[in-house]
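Please find below my notes on this entry, set out as numbered points that can be followed alongside the coordinates.

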Amino acid sequence: MNKSFLGLACVSFLLSAGQCMAQAPASPILLHVDLSDAPRHLLHAHLQIPVSAGPLTLEYPQWIPGDHRPTGPIDNLAGIVMRANGQNLPWRRDDVDMYGFHVEVPSGVSQLDVSLDFLATPGDTGSDENGATSANMTVLEWNSVVLYPAHIPVAQIPIQASLTVPADWKLGTALTIAAQKGLETSFASVSVEQLVDSPVITGRYFREFPLAPEITPKHYLDVAGDAADDVDLRPAFLASVTQLVRETGPLYASRHYETYHFLLSLSDIVREEGLEHHQSSDNGVEEKGYSDPKLAMLNADLLPHEFTHSWNGKYRRPIGLATPDYATPQKGDLLWVYEGMTQYWGDVLAARSAMWTPETYRQALAWSAARLDVKPGRTWRNLEDTAIAAQILRGGSANWSNWRRSQDYYQEGELIWLDADTTIRQLTHGQKSLNDFCLKFLALGGNTPPRVVPYDFDQIVAGLNSVVAYDWRAFLTERLNTHAPHAPLNGIEHGGYRLIYAAEPTEFEQALLEHAKETDAWFSAGFTVGATGEIYDVRMDSPAFQAGLGPGTKLVAVNGHGYTGDVLKQAIRAAKGTADPIELIVSNDNEFRTVRLNYHDGERYPRLERVQGAPDLLDEILKPLAASKASGL
Ligand SMILES: [Zn+2]
């Protein structure tokens, strides 16, 4: 349980023909990144890499931590020139590993100079770095501009980075700033692992806000926006983020960072993002993502989720994700802990920090729980397989996603941890909770600098048993392996609520549908439709499925009227209790036909309903634990 990251790395590397013997350079790689051309989506980098004579392989990061898949944006790496002693050196890409570059270092050469450019434009890898620049800001994830010697754990490779930004741009990062001169900032030497784990946000419109000043280590919110007034964050929002920092004190009882920076981009140009790091998080929402009340509601869980990952995901990490470098494939089988428990605590923290009201929390939970509860793909694919297959499920199409399943380890993981929390509370008559598990599991070793402490399934079971004796192995295994047709809703029911369906969407779902420009007939006729009538998905075995509809089909008319969302909803309401089918004209691959939809139960939208007289554990869970001006951790 206390096995160090480096120890683990060496075990892994010994398996590959003694490559663990590779020596880490004694002096740091020097990396300079020039963002002068970032407004036109072109990043320049120059590396000075200590080397010795002989064959050398340099790697570009492929398996990006937090992405859970091999998304390193290799297709946008360009302009690679290697030189030594003033001479160009030929390099050759590995025939199999597209991220590997071989070069023969001549005798007498101790430093390799490498120039490269990163094209921050749309690419094929699905990488979030591709869209991380605009005319007014850049979010620099260093993995897009770094090469490192292969076969050495990245935690052992020292690197010293510096950065030139466009005129009038300021920056924020968890890296220690060693010097600033003009537009150039030099950072203290760190490992390649820590550099890749420490992005920089920089922009013309930038502000840094200190948070919860009574707490050490220190926390900051670094925000860049599309326009000057974007970064004047509302006092209520700043107060909620400060409260979030305070709420993690009693919940996690430890901090595994020297400082923590929430990096926040508010932009309709730069990509939306949520990427966890040890000492920071890369958060990207719409330009008005926290000033528009509806968007703020939809984005409320982002910061609590990414912040929680500092403990659950970065410090405590599934053994299959604690890889020694970015070339080693990751194993995602425990992502229902990494992401599922983070989803659980992130949502709870959003409520405890007043980013959500308890009612909004329940509305969000109802929305996700209901979708899982009627997802037929669960009959062939168990939850654990959604975690193992994370690398092929992320970013998948909505079409037939209810049969394929998607990254359900997030939200179904949340239901499992809610179930575990309420079970502990019941077994101990309210004396203990999942918080006690966090105190053992996430606070292991007390406050520490950033480091990785891996775990396996058995350690999760043992940790839960140390809180209260129970057959946790069977509890978890059953929920991970089941092919039952419905979702595990026990936690909601133990919490004193039940999932029901009403004729009106909740405020949360309404905001979500408006934002997505989507009409939701998922729980009624069995499909979701976009603004122009395109069907996104059809629920298997629903009335729409029985009527022969499929995703991609376009609704042209409903009961003789041209399609709009309101026309469809009116037709569903009018058919309630009647025997008359809803008549649709649809276009499928330019073939037009008439479809009779036999559905007569009216509109249905999920929500949670309080079970009168039942213990109100869910309400109890959402109560803040920290004082509004705590003096704690
Ligand atoms: Zn996450």
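1. The model is predicted, and the points below should be read with that in mind. They take up one helix pair, two sheets, one covered strand and a few backbone details.

2. Helix α7, residues 340-352, packs against helix α12, residues 408-427, at an angle of about 70°, and their axes are 7 Å apart. With angles of 65 to 115 degrees counted as roughly perpendicular, α7 and α12 are therefore roughly perpendicular to each other. The crossing of these two helices, α7 and α12, is right-handed.

3. On the α7 side of this contact are Gly340, Met341, Gln343, Tyr344, Trp345 and Asp347, while α12 contributes Tyr409, Tyr410, Gln411, Gly413, Glu414, Trp417, Leu418 and Asp421. By character, the residues of the contact between α7 and α12 comprise seven nonpolar, four polar and three charged.

4. One open sheet has four strands in the order β6-β7-β3-β10, and its pairing is antiparallel. The edges are taken by β6 (91-93) and β10 (148-149), each of which has a single partner strand, so one side of each is left without a neighbour in the sheet. β6 is joined to strand β7, residues 100-105, by three bridges in an antiparallel arrangement, and within this pair Arg92 has His102 in β7 as its bridge partner.

5. Another open sheet of four strands, again with antiparallel pairing, has the order β29-β28-β30-β31. Here β29 (561-562) and β31 (591-597) stand at the edges, and because each has a single partner strand, one side of each lacks a neighbour in the sheet. Strand β28, residues 554-558, is joined to β29 by two bridges and to β30 by four bridges, the latter pair being antiparallel. Ala557 takes part on both sides, since its bridge partner in β29 is Gly562 and it stands opposite Ile585 in β30.

6. β30 and β31 pair in the antiparallel sense over seven bridges, with Val595 in β31 as the bridge partner of Leu584. These two strands, β30 and β31, form a hairpin with two residues between them, and in the turn Asp589 has a positive phi of about 50°. Helix α19, residues 565-574, lies across β28, β29 and β30 (582-588), and runs at about 60° to β28.

7. How many of the residues of strand β19 are buried? Strand β19, residues 259-266, is mostly covered, with eight of its eight residues buried. Thr259, His261, Leu263 and Ser265 point one way from β19, whereas Tyr260, Phe262, Leu264 and Leu266 point the other way, and all are buried. In a regular strand the side chains alternate between the two faces of the sheet. Strand β18, residues 218-225, pairs with β19 in the parallel sense over eight bridges, and His219 stands opposite Tyr260 in β19.

8. Some backbone details deserve a check against the coordinates. The peptide bond joining Thr216 and Pro217 is cis, with omega of about 5°, and Pro217 lies in the loop between β17 (206-211) and β18. His41, although not a glycine, has a positive phi of about 65°; His41 is found in the loop between β1 (29-34) and β2 (42-50) and is partly exposed, with a relative accessible area of 29%. Ala253 is likewise not a glycine and has a positive phi of about 50°; Ala253 has its place in the loop between α3 (235-252) and β19, and is partly exposed with a relative accessible area of 32%.

Key:
Residues numbered from 1 in each chain as written. Predicted model: local features only at pLDDT ≥ 70, side-chain atom pairs only at ≥ 80, totals over all residues. Heavy atoms only, no water. Axes fitted to C-alpha atoms, helices over the stretch in contact; angles between N-to-C directions. Parallel < 35°, antiparallel > 145°, perpendicular 65-115°, else oblique. Left-handed = near helix turned anticlockwise from the far one by under 90°. Contact = heavy atoms within 4.5 Å. Nonpolar A, V, L, I, M, F, W, Y, C, P; charged D, E, K, R; others polar. Pairing = 2+ DSSP bridges. Buried < 20%, exposed > 50% of the residue type's maximum accessible area, 1.4 Å probe, protein only.
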